[in-house]
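User: I have a chain open in the viewer and would like to talk it through before I set anything up. Could you take me through it?

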Amino acid sequence: LVGGYRAMGLQNLWLPDLRSKIEANIDAVARGTRNKAEVLAEAVAAFEGDFREALRQAGTLEGEVASFFGYLGRRGRGGGGDGGAAAGGGWDDDGGDGGDGRAGDDAGGCPLCGGGAVLQEAE
């Protein structure tokens, strides 16, 4: 995920700076020096732009995650989310399990823990 966020230019999603600022604001709410609603609104606003940009560039994040599943290839998709799973695209599956990149297909195992991964529909 960090590689994907870095490639998309979304440092707020992986660097600790924004999270640290939000935590300091939460502490201020606990001390009674800041208003909870105001702090919440600031935190949501801080992430809203990054969320919209992440949606726009979903294909970039998808490609970064796919690189950890060596046997998964990618159909002809460009960056910027113009063909990723969220946009109706799918995975080419070279794993021999008969999957065609649809929800419920086996997406392979984690190389670190051996746990399984299954593709899900985007909401």
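Analyst: What follows goes from the overall layout to one helix pair, the nonpolar core and a few single residues. Please keep in mind that this is a predicted model.

User: Fine, start broad. How many helices and strands does the chain have, and in what order do the elements run?

Analyst: The secondary structure comes to four helices and four strands, and from the N terminus on the order of the elements is α-α-α-α-β-β-β-β.

User: And what share of the residues is buried?

Analyst: Of the 123 residues in the chain, 27% are buried. As for contacts with a sequence separation of 6 or more, 37% of them come from residues 24 or more positions apart.

User: Let's go to the helices. How do α2 and α3 pack?

Analyst: Two packed helices are described by the angle between their axes and the distance between the axes. Helix α2 covers residues 16-31 and helix α3 covers residues 36-56, and the two pack at an angle of about 170° with their axes 9 Å apart. Since angles over 145 degrees count as roughly antiparallel, α2 is therefore roughly antiparallel to α3.

User: Which residues meet there?

Analyst: From α2 the contact involves Leu18, Ile22, Asn25, Ile26 and Val29, and from α3 it involves Lys36, Val39, Glu42, Ala43, Ala46 and Phe47. By type, the residues of this contact divide into eight nonpolar, one polar and two charged.

User: Asn25 caught my eye in that list. Is it buried or exposed?

Analyst: Asn25, which has its place in helix α2, counts as buried because its relative accessibility is 14%, and the cut-off for buried is under 20%.

User: What does Asn25 touch, sequence neighbours aside?

Analyst: Once the neighbours within four places in sequence are left aside, Asn25 is in contact with Arg34, Val39 and Glu42. Val39 and Glu42 are also among the α3 residues that take part in the contact with α2.

User: Changing topic: which residues form the largest nonpolar core?

Analyst: The largest nonpolar core has five residues, namely Tyr5, Met8, Leu10, Ala54 and Leu61. As general background, nonpolar side chains tend to be buried together in soluble globular proteins.

User: Take Leu10, then. Where does it lie, and how accessible is it?

Analyst: Leu10 lies in the loop between α1 and α2, and it counts as buried because its relative accessibility is 3%.

User: What is Leu10 in contact with further along the chain?

Analyst: Leaving aside neighbours within four places in sequence, Leu10 is in contact with Tyr5, Asp50, Glu53 and Ala54, and of these Tyr5 and Ala54 belong to the largest nonpolar core together with Leu10. Leu10 and Asp50 are 40 residues apart in sequence, while their C-alpha atoms are 6.3 Å apart in space.

User: What about the N terminus: where is Leu1, and is it buried or exposed?

Analyst: Leu1 lies in the segment before α1, a helix that covers residues 2-8, and Leu1 counts as exposed because its relative accessibility is 58%, the cut-off being over 50%.

User: Which residues does Leu1 touch?

Analyst: Not counting residues up to four places away in sequence, Leu1 touches Leu61 and Val65, and Leu61 is one of the residues of the largest nonpolar core. The C-alpha atoms of Leu1 and Trp14, which are 13 residues apart in sequence, are 8.3 Å apart.

User: Last one, the end of α4. Which backbone oxygen lies 2.6 Å from the side chain of Ser67?

Analyst: The backbone oxygen of Glu64 lies 2.6 Å from a polar atom of the Ser67 side chain. Ser67 is found in the loop between α4 (58-66) and β1 (72-74) and is exposed, with a relative accessible area of 52%, whereas Glu64 is found in helix α4 and counts as partly exposed at 31% relative accessibility.

User: And what else does Glu64 contact?

Analyst: With neighbours within four places in sequence left aside, Glu64 is in contact with Gly3 and Gly4; the C-alpha atoms of Glu64 and Gly3 are separated by 6.5 Å, although the two residues are 61 residues apart along the chain.

Note on methods: Residues are numbered from 1 along each chain as its sequence is written. This is a predicted model: local features need pLDDT of at least 70, side-chain atom pairs count only at pLDDT 80 or more; totals for chains, interfaces and linings use all residues. Side-chain values use heavy atoms; hydrogens and water are left out. Axes are lines fitted to C-alpha atoms, for helices over the stretch in contact, and angles run from 0 to 180 degrees between N-to-C directions. Angles under 35 degrees count as roughly parallel, over 145 as roughly antiparallel, 65 to 115 as roughly perpendicular and the rest as oblique. Contact means heavy atoms within 4.5 Å. Ala, Val, Leu, Ile, Met, Phe, Trp, Tyr, Cys and Pro count as nonpolar, Asp, Glu, Lys and Arg as charged, and the others, Gly among them, as polar. A nonpolar core is a set of buried Ala, Val, Leu, Ile, Met, Phe, Trp, Tyr and Cys residues joined through side-chain atoms within 4.5 Å. Buried means under 20% relative accessible area, exposed over 50%, partly exposed in between (1.4 Å probe, protein chains only). A polar contact is a pair of N or O atoms within 3.5 Å; within protein, one must be able to donate a hydrogen and the other to accept it, and residues adjacent in sequence count only if both atoms are side-chain atoms.
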